[in-house]
Amino acid sequence: MKDTTVIRRAAWVIAWDEDMKTHTYLKDADLVFSGSRITFIGQDYSGPFDQEISGSGRMIMPGLINIHSHLSGGPLDKGTFDEVGTAALWGHTLYTHSQLLRADPQAIKPGAVIALSELMKSGVTTVVDNSGYYEDLLELLVGSGVRAVLAPGFRQARWINVADHRVDYEWDHQAGWDGFRQALDLMDAIKKHPCDRLSGMIFPSQADTCEADLLKEAHAAAVDRDLPFQTHASQTMMEFSELMRRHGKSPVQWLDSLGILDEQTILGHCIYLDHHSWSPLHTRDDLPLLAERGTTVAHCPTVFGRTGMTLESFGDYVRAGVNLGIGTDSFPYNMLEELRHVGVYARITTGNVHDLTTTDVFNAATLGGAQALLRDDIGRLAVDAKADIVIVDIEHPLMRPGREPLRNLINVAAERAVKDVFVDGKLVVADGEICTLNYENALIEMDAAQVRSIRKVPELDFQNRTLDQLAPLAFPVRSRVE
Ligand SMILES: [Zn+2]
């Protein structure tokens, strides 16, 4: 006998309408789930149940899907290279600063605990982890209660920062193939794992660090196993110009020439397409090509926006017919704030309030993400869908006055109004707090981990600079005020 829970007379339910193929607002409705699946949405449920939750003053919405995040590394980076940039490399820090702050083995797990806790508190129920595999990862993800897609990265080259003005590639072709084999072994292990909240994704890390034959073979493995496939592409102008130099094609057109753009493929972050204002090309071919191939773009606005970079524009991608999903990439791991940034950045980028709507943004974080992960049983509240449910307190001061609960949640309250989160019918966030992970303990471990990593910055930097030299604090430090 499965446990049946009824959420009684919820003020608002964002419910899926199968006939209209859209989310709808349902008012004063009951939502029932039994085990891991939703069994009823509508008025006046009269069947049996084991547990009743009052829906008074609540909005019930589908759990959010984060299709691109690096779970373990991001928390360590907080407050370090947030607002620096390398002038000769278009302001990008990926090839210079980002490589200097490294998580040691003891920092990996607390990083993932922090990221997962913050994501679930902000309404995420499904997360793609684009980081490496490490011991205890499966156990951690199972224990966290989240629905997880493991995407262990592998690559054949690493970036070498040459005097802050050029990036060289140090190739180790075999390492990429070895990483690919290990990723496939992990995919097999996940398939056999008793926890069905776990699934896999094939993830050659970057378009510029893998050769054509590895990308093609990795994509073929994804097709063979019916798994989603992802790589970072068109994420920086550095990568764009490197692939132009190597192949005479934009990253998107080069990947297409390999035959690997299709409905199973997700490209993160796909900012620098041929039409982008920073691109030297005077063509507009990439965007319609992505739409024609059915490829998904993983849009992560915050981390790029912080250094002045933005996709041009979210609304144009939607109108071109490209499937969009949302990710948080690095910190902050706050999906609702990420959704706010999707809207604000797009409108500023275009100077146009009409570039997109909250509907587009929410669809990307639910339906678009589900499509990218080749699923139709998540990202929507419908009978037989997974019971991945977020309960929002619409009586929270930041949610009032309450004419438009979803816009209030995204534009104002964010995670502060998230009350409870269920994944697969199980409670993971209760009254705004994570109840499956030791968040506090991970924060303590991360404090120490950041100190250790900062100490190692000079030995990794080509000029032996300290973190304070590379990224000064916001104000000079005085021991006492005179
Ligand atoms: Zn990324």
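This section describes the overall fold, the zinc site, the pockets and cavity, and some backbone features of a predicted model.

The chain contains 15 helices and 21 strands. Its C-alpha trace extends about 70 × 65 × 50 Å along the principal axes. For 482 residues, a compact globule would be expected to have a radius of gyration near 23 Å, and the value of 22 Å found for the chain agrees with this. Of the 482 residues, 57% count as buried.

The zinc ion is held by four protein donors, namely His68 (NE2), His70 (NE2), His232 (NE2) and Asp329 (OD), at 2.1 to 2.3 Å from the ion. Along the sequence, these donor residues follow the spacing H-x1-H-x161-H-x96-D. The angles subtended by the four donor atoms run from 84 to 156 degrees, and the arrangement is therefore irregular. A tetrahedral assignment would require all angles to lie between 85 and 135 degrees, a range that the angles of 84 to 156 degrees do not satisfy. Among the donor residues, histidine 68 has a relative accessible area of 0% and is therefore buried.

Rolling a probe the size of a water molecule over the atoms shows where empty space is left. The largest pocket has a volume of about 1,600 Å³. Its lining comprises 43 residues, and those nearest the centre of the pocket are His70, Leu94, Ser98, Trp159 and Gln206. His70 thus appears both among these central lining residues and among the donors of the zinc ion. Four secondary structure elements, helix 1 (74–77), strand 9 (153–154), strand 10 (157–162) and helix 9 (301–305), each contribute at least two residues to the lining of the largest pocket. Helix 1 contributes the most, with three residues. By class, the lining of the largest pocket consists of 14 nonpolar, 22 polar and seven charged residues.

The second largest pocket encloses about 440 Å³ of space. It is lined by 21 residues, with Leu198, Ser199, Gly200, Leu227 and Arg375 lying nearest its centre. Strand 8 (147–150), helix 4 (173–192) and strand 12 (198–200) each provide at least two residues of this lining. The greatest contribution to the lining of the second largest pocket comes from helix 4, with four residues. Nonpolar and charged residues number nine each in the lining of the second largest pocket, and three residues are polar.

With a cut-off of 30 Å³ or more, one cavity is counted. The largest cavity has a volume of about 40 Å³. The residues that line the largest cavity are His269, Ile271, His299, Cys300, Pro301, Phe304, Met309, Thr310, Leu311 and Tyr345. Seven of these lining residues are nonpolar and three are polar, and no charged residue is present. Two of the residues lining the cavity, Pro301 and Phe304, fall within helix 9 (301–305), which also supplies at least two residues to the lining of the largest pocket.

Cis peptide bonds occur at two proline residues in the loops described here. One joins phenylalanine 331 and proline 332, with omega about -5 degrees. Proline 332 is placed in the loop between strand 17 (323–326) and helix 11 (335–350). Asp329, a donor of the zinc ion, precedes this proline in the same loop, which runs between strand 17 (323–326) and helix 11 (335–350). The other cis bond joins arginine 400 and proline 401, again with omega about -5 degrees. Proline 401 is located in the loop between strand 18 (389–393) and helix 13 (405–413).

Positive phi values were found in two residues other than glycine, lysine 21 and leucine 374. In lysine 21, phi is near 55 degrees. This residue belongs to the loop between strand 1 (4–17) and strand 2 (22–34). The relative accessibility of lysine 21 is 51%, so the residue counts as exposed. In leucine 374, phi is about 65 degrees. Leucine 374 sits in the loop between helix 12 (358–372) and strand 18. With a relative accessible area of 36%, leucine 374 is partly exposed.

Note on methods:
Residues numbered from 1 in each chain as written. Predicted model: local features only at pLDDT ≥ 70, side-chain atom pairs only at ≥ 80, totals over all residues. Heavy atoms only, no water. 1 Å grid on protein atoms, 1.4 Å probe; cavity = no way out; pocket = protein on both sides within 12 Å on 5 of 7 lines; lining within 4 Å. Points joined across faces, edges and corners; volume = space filled by probe spheres on them. Nonpolar A, V, L, I, M, F, W, Y, C, P; charged D, E, K, R; others polar. Donors = N, O, S within 2.8 Å, 3.2 Å for Na, K, Ca; no water. Tetrahedral: all angles 85-135°; square planar, octahedral: opposite > 155°, others 65-115°. Buried < 20%, exposed > 50% of the residue type's maximum accessible area, 1.4 Å probe, protein only. Rg over C-alpha atoms; globule rule 2.2 N^0.38 Å.
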